[in-house]
Every structure is written in C-alpha cells, then in structure tokens.
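I opened this entry to keep track of what I looked up, going from the overall division of the chain down to single residues.

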Amino acid sequence: MMKRIVYLDNAATTKPSESARDAMLPYITNMYGNPSSLYSLGRNARDAIECARNKVAKAIGALPEEIFFTSGGTESDNWAIFSAAEMNKDKGRHIITSVIEHPAVLNALKHLEKIGYDVTYLGVDGHGQISLGELRSAIRSDTIFITIMAANNEIGTILPVSDIGRISTENGILFHTDAVQAVGHIQIDVKEMNVDLMSFSGHKFGGVKGAGALYVKKGLRIPSLLHGGGQEHGRRSGTENVAGIVSMAAALDDVLPRLPSLKVSKMRDRLIEGALKIPRSRLTGDPINRLPGIASFVFECVEGESMLLMLDQYGICASSGSACSSGSLDPSHVLLAIGLSHEIAHGSLRFSLSEDNTDEEIDYVLERLPEIVAKLRRMSPLWNGD
Ligand code: PLP
C-alpha cells in the first residue's frame with residue numbers, strides 16, 4: 001500500500017496543478033512541433049508560446065515583449081546579474097545585495113567578485129528585513145545595480161521591493177529582484193515595484209520544473225547568456241521548452257484570482273500557533289510581512305535533519321533550511337543572518353503549504369510534531385529536560 005504523503009515542501013517545488021497538466025499535455029503528445037518550424041505543427045507550438053507570454057506578462061503587469069522564457073529561477077538570476085554587470089562595466093563595479101539571497105544570486109555575485117566587482121551585502125534584522133537607510137547609505141557613485149529578493153525562501157519574509165525600486169530609480173541604478181518565491185503566491189506588479197529585471201520560476205507555483213522567466217523592462221537591451229539559434233528575440237537561444245512554458249502560464253492564470261490565498265494563510269497560521277505551543281520553539285521570519293504558505297521554525301536542542309527523517313516516517317515532507325542547502329551540515333546562512341546561533345539554527349524546520357493541503361493534514365502534523373520534538377530532545381545531550 002502507498003504510504004500517506006502530506007506534502008508541505010511547496011517552496012522546494014509544487015505538484016503540477018491540474019490546469020498546468022491539462023494545458024501542457026498536447027505539447028508532449030501530438031503537438032510536438034519545434035516552434036521555429038514553418039509548418040502548422042511548428043506554428044501551433046509558436047502560438048502556444050506567445051499565448052503563454054501574454055498570460056504571464058498580464059499576471060505581473062508587464063508587456064509581452066518584456067517576458068523572456070528561461071529554464072527557471074537559477075538561469076534567470078544568473079542572466080540578470082551577469083547582464084547588469086556587463087552592461088554597466090564602464091560605469092562602475094559596485095553591486096548591492098542582501099545577505100539572505102538564494103545561492104543562485106549569491107554564487108553568481110561571488111563569481112563577479114572573483115573578476116573584480118565589489119559587492120556590498122546588506123545585513124538583515126531578526127525578521128529578515130533590510131534597512132532602507134542602510135541601502136541608501138550603501139549607494140556609491142560607482143554602484144551599477146541592486147539585487148534584492150522579493151521574498152525569502154527559508155523564512156518567508158516579504159521584502160519592501162517597491163521601496164527598494166523607488167530608491168534605485170531615484171539614484172538611476174538598475175534593480176533586479178529574485179521573485180521566485182513571490183510570483184504565484186502574492187500579487188506582483190512590476191511597474192508598481194519599479195523593477196528593471198525580475199526572475200521567477202514555474203515549478204514554484206504549479207508549473208513543471210525547467211521553465212521560468214526573466215522580466216526585462218522595455219528599453220533595456222540586456223546581452224544574451226546563451227548564444228545559438230536566436231530564439232526569444234535573439235536574447236535566449238535554445239529550442240523552447242514549449243510544454244514547460246505552457247504549464248507555467250496555465251498555473252499562473254489559475255492561481256492569480258486567489259492571491260494571496262486566504263485558505264493557505266489560515267492553515268499556515270494554525271500550524272504556526274500549534275507548533276509554537278512546543279516549548280523552546282520560535283517562529284523564524286517576519287510575523288506579519290510573510291508569504292502565505294511558509295511556516296518556519298527553530299526548535300532548541302533538536303537537529304533539523306533528524307526531525308525531517310522522523311516526519312518522513314509519517315509521510316510528512318518538510319524541509320530544514322533551503323532545499324539546496326539541506327544536503328549540507330552547515331547551518332543556513334539565512335538563519336545565521338537573522339541572528340540565530342549555529343546551535344539553534346541547526347534545529348530549523350520549514351513547512352511550505354499550498355492550496356492542495358487540508359485542515360486535516362495540519363491537524364495530523366500538529367499531532368506528530370510535538371512527540372517527534374520531545375523524542376529527539378530525550379536523545380539529545382543538550383536537552384536538560386526543562
Ligand atoms: N531563487 C529562490 C528564492 C528560490 O527559492 C529558488 C529555488 O528554490 C531559486 C531562486 C532557483 O529556482 P530554480 O529551482 O527554478 O532554478
């Protein structure tokens with residue numbers, strides 16, 4: 001018999017939504033043409049891509065020509081960052097970011113540092129918020145771009161992107177935001193946010209893996225990251241992932257009218273309230289400005305990895321730190337940045353919810369979690385039984 005699965009790791013990836021699956025099915029069955037081919041099988045695929053571009057653009061308040069499809073968040077982040085550096089290399093070599101960015105941003109910036117760029121990493125407060133005053137003070141005459149995420153993947157904090165965008169515009173500096181955890185979860189309007197470049201990824205909101213997009217403000221001629229057959233108006237070569245792109249647009253179209261989902265945030269709040277009844281537990285991230293689906297905690301004297309393994313025995317899928325770093329034993333850079341000690345950061349646990357979850361599943365987790373934490377604490381040499 002199949003084990004019961006309670007999937008609470010939607011910030012790592014989501015189950016493809018029914019609308020996404022239905023929309024993409026023709027493009028992995030009989031509509032398999034290459035969108036660059038001139039016969040109707042190809043033209044149908046091209047039409048599907050352009051229809052998806054319109055939908056995606058509308059969903060974020062952009063124009064269709066401002067949307068470039070990529071393979072996902074990592075590619076979009078890398079493309080935005082390397083382009084912004086390349087375009088402005090004669091103006092300066094200084095970049096501003098935050099310490100809580102995803103590795104797709106941090107490691108791209110590390111590469112730029114190796115080749116002579118200077119990066120300022122803004123710290124965050126205990127809720128994971130940057131200071132706008134510190135951002136203003138960090139701007140120099142040679143600052144060429146700012147890259148700060150819209151929402152954090154580990155602690156769910158929503159950052160003040162519109163204010164950051166306004167400061168960037170006032171100073172004539174390009175602004176990129178990694179909105180991989182925000183698009184499809186909260187309302188996003190690129191114009192209202194004053195962003196020049198914005199990354200997002202279909203598999204975080206019901207699309208399939210391997211399709212994402214970069215929003216590029218009209219008039220900004222960013223260089224290509226991939227060179228080849230000249231797809232995506234010559235800016236991103238490679239035969240398009242038609243099915244993935246179609247799935248992303250259908251998923252976004254589907255979730256959009258319900259954002260931010262009250263159903264999800266109600267379940268999140270119940271999970272938070274219940275989990276915080278466990279002694280020596282804390283919520284991580286901003287208690288108010290937080291993503292509807294993320295309930296993230298630290299539990300003292302327990303290892304995140306051990307909690308994950310025990311939750312898995314009950315079929316509960318969660319995460320400790322980000323999916324990318326949960327394979328390593330280092331505590332998450334985000335949890336250290338919000339001021340937690342190494343020891344406490346090791347006891348992190350993130351549940352990320354979707355509309356597929358139910359109240360009954362939250363009850364199930366709240367039944368199991370206290371006994372798991374208590375059991376692990378009994379085995380811990382750090383726990384004094386208090
Ligand atoms: N940025 C953030 C904030 C993310 O959470 C992720 C994925 O976890 C990425 C970027 C990378 O996105 P992708 O998996 O589509 O490459």
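I began with the contact between the two domains of this predicted model, where domain 1 and domain 2 bury about 2,100 Å² between them, 55% of it on carbon and sulfur atoms. To see which parts of the protein chain this concerns, I looked up the division, and found that domain 1 takes in 6-14 + 261-379, while domain 2 covers 18-256. I then checked how many residues take part, and noted 26 residues of domain 1 in contact with 29 residues of domain 2. For the separation of the two parts I recorded 27 Å between their C-alpha centres.

Next I asked how many salt bridges the rule finds across the interface of domain 1 and domain 2. The count there is zero, although the structure as a whole holds 24 salt bridges. I picked one pair to inspect, R46 and E50, whose side chains meet in a salt bridge at 3.2 Å, N to O. Both R46 and E50 belong to helix α2, which spans residues 40-59, and they are four residues apart, about one turn of the helix.

I turned then to helix packing, keeping in mind that two packed helices are described by the angle between their axes and the distance between the axes. For helix α3 (residues 73-87) and helix α4 (residues 103-114) I noted an angle of about 30 degrees, with the axes 9 Å apart. The crossing in which α3 passes α4 is right-handed. On the side of α3 the contact is made by T74, D77, N78, I81, F82 and A85, and on the side of α4 by A104, V105, A108, L109, H111 and L112. Sorting the contact of α3 with α4 by class, I got eight nonpolar, three polar and one charged residues.

Last, I went through the backbone for points that I wanted to mark. Which two residues are joined by a cis peptide bond? They are L259 and P260, and omega is about -15 degrees for that bond. I located P260 in the loop between α7 (242-255) and α8 (262-275). The other point is H233, which has a positive phi of about 55 degrees although it is not a glycine. I placed H233 in the loop that runs between β8 (212-216) and α7, so that helix α7 serves as a reference for both entries.

Methods. Residues numbered from 1 in each chain as written. Predicted model: local features only at pLDDT ≥ 70, side-chain atom pairs only at ≥ 80, totals over all residues. Heavy atoms only, no water. Axes fitted to C-alpha atoms, helices over the stretch in contact; angles between N-to-C directions. Helix = DSSP H or I, 4+ residues; strand = E, 2+ residues; numbered from the N terminus. Left-handed = near helix turned anticlockwise from the far one by under 90°. Contact = heavy atoms within 4.5 Å. Nonpolar A, V, L, I, M, F, W, Y, C, P; charged D, E, K, R; others polar. Domains from an automatic or database assignment. Buried area = accessible area lost by both parts, 1.4 Å probe. Salt bridge = Lys/Arg side-chain N within 4 Å of Asp/Glu carboxyl O.
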